[in-house]
Amino acid sequence: MSKKSEAFSNTFISILAVLLAVVITFSVVMTAQTFAETAIQNNKVVVSPQVQQETDNDSTITDDSTVSDIGGVDEPTDIIVSDTPTEDEEKPDEKDETAGAFASTEELVAYFNTCANKAKTEAVKVVKNSEKRVVGEIKVPDVLQSMAENVLNDSMKDDTKPIVYDTKESIRKDFLVPNQDYVSCLKASDVVKSNYEDKGNEYVIYFKLKDEKNPRAGSGVGSVCDVIETYEVAEKAPAFLKEFSTSYYNCEVTATIDKETGRMVHAVYSTPLMFNVVVNLFGTHSANVGLTFIKDYTITY
């Protein structure tokens, strides 16, 4: 797990000094801060003046009203993300995959996995172009509502400076899925909607994933996205934390594949989630906070 940056550390300490005056507030918001710390990969930043790859804003597949407009976006600042989880669909929607290069979700997933995984073995540079962080619904005891909103909104600022990973070690460690030898081991059974568009020299592939509670790396949402595993937060949490859980919903992956080389050259990941906290201190108190992370990457070989 990456260490938090100095700036984030200073922010955390300042918040902590204030919240120590109100113990219940401290317990609720510190858990949120710990979660944010784990979720934000604050690695060594190397800023390059020309790392932002120009992409085609029209490459997004938007044949369904639930699809976030995320594919091929250089700066995903206009994305509107729902704060409300949707019910899981029973099986993938294959209505748009009955013709063309891929006849089924299984074929499309297998192709995507093969192409995406080349990033860990063949890429010479991965650039995290940006990360948009959205604070959604916050439900805490009324007396803490304003403070919780201010703390989270101040802490969850967007990353707008590109971050470059240009060694095999840093690509493996920091590109999705972090600290794994794969980028994706997705299964068709984890997909509720899939689609692709043939752009001539490229395919733009889209997946919407099944909702999942407490995902783990290597399966479900965690097979292709960076997820927070509850045990990581629990290890740092105060003793009065009685429950912590995460619920990921409407997670989306949009990938651009170079047809000639079979390599993924651009990817956008959108991972909305709700995390739920119950603390037992001077009574039992609960908090529910919605967060969304939208990460935009360019891969060079």
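1. What covers the buried residues of α3? The cover includes the helix α5 (168–174). It also includes the strands β3 (191–198), β4 (202–209), β7 (252–258), β8 (263–280) and β9 (284–300). The points below take the whole model, then α3, then the strand β4.

2. The model is predicted. Its mean pLDDT is 76, and 66% of the residues reach 70 or more. Over residues 1–24 the pLDDT is below 50, although this stretch has 39 contacts in the model beyond near neighbours in sequence. Residues 41–82 also have a pLDDT below 50, with 97 contacts beyond near neighbours in sequence. Where pLDDT is low, the predicted coordinates should not be read in detail.

3. The protein has 6 helices and 9 strands. Of its 301 residues, 55% are buried. Among contacts with a separation of 6 or more, 73% are between residues 24 or more positions apart. The accessible surface of the protein comes to about 13500 Å², and carbon and sulfur atoms hold 49% of that surface.

4. Helix α3 covers residues 105–122, which is 18 residues. Its length can be checked by simple arithmetic. At 1.5 Å a residue the helix should span 26 Å, and its end C-alpha atoms are 26 Å apart, so the expected span and the model agree.

5. Which residues of α3 are buried? They are Thr-105, Leu-108, Val-109, Phe-112, Asn-113, Cys-115, Ala-116, Ala-119 and Lys-120. A student can mark these residues on the helix and then look for the elements named in point 1. One of those covering elements is β4, the subject of the next points.

6. Why can β4 be called largely enclosed by the rest of the structure? The reason is a count: 7 of the 8 residues of β4 are buried, so the strand is largely enclosed. Buried here means under 20% relative accessible area.

7. On one side of the pairing, β4 is joined to β3 by 7 bridges, and the two strands run antiparallel. One bridge pairs Glu-197 with Val-204 in β4. β3 and β4 form a hairpin with 3 residues between them. In the turn, Gly-200 has a positive phi of about 100°.

8. β4 is also joined to β7, again by an antiparallel pairing, with 7 bridges. Within this part of the model, Tyr-206 stands opposite Thr-254 in β7. Strand β4 is thus described by its bridges to β3 and its bridges to β7.

Key:
Residues are numbered from 1 along each chain as its sequence is written. This is a predicted model: local features need pLDDT of at least 70, side-chain atom pairs count only at pLDDT 80 or more; totals for chains, interfaces and linings use all residues. Side-chain values use heavy atoms; hydrogens and water are left out. Helices (H or I, at least four residues) and strands (E, at least two) are DSSP runs, numbered from the N terminus. The expected span of a helix is 1.5 Å times one less than its number of residues. Buried means under 20% relative accessible area, exposed over 50%, partly exposed in between (1.4 Å probe, protein chains only). Contact means heavy atoms within 4.5 Å. Accessible areas come from the Shrake-Rupley method with a 1.4 Å probe; for residues, only the protein chains shown count as cover. pLDDT is the predictor's confidence in each residue, from 0 to 100. Two strands pair if DSSP finds at least two bridges between them.
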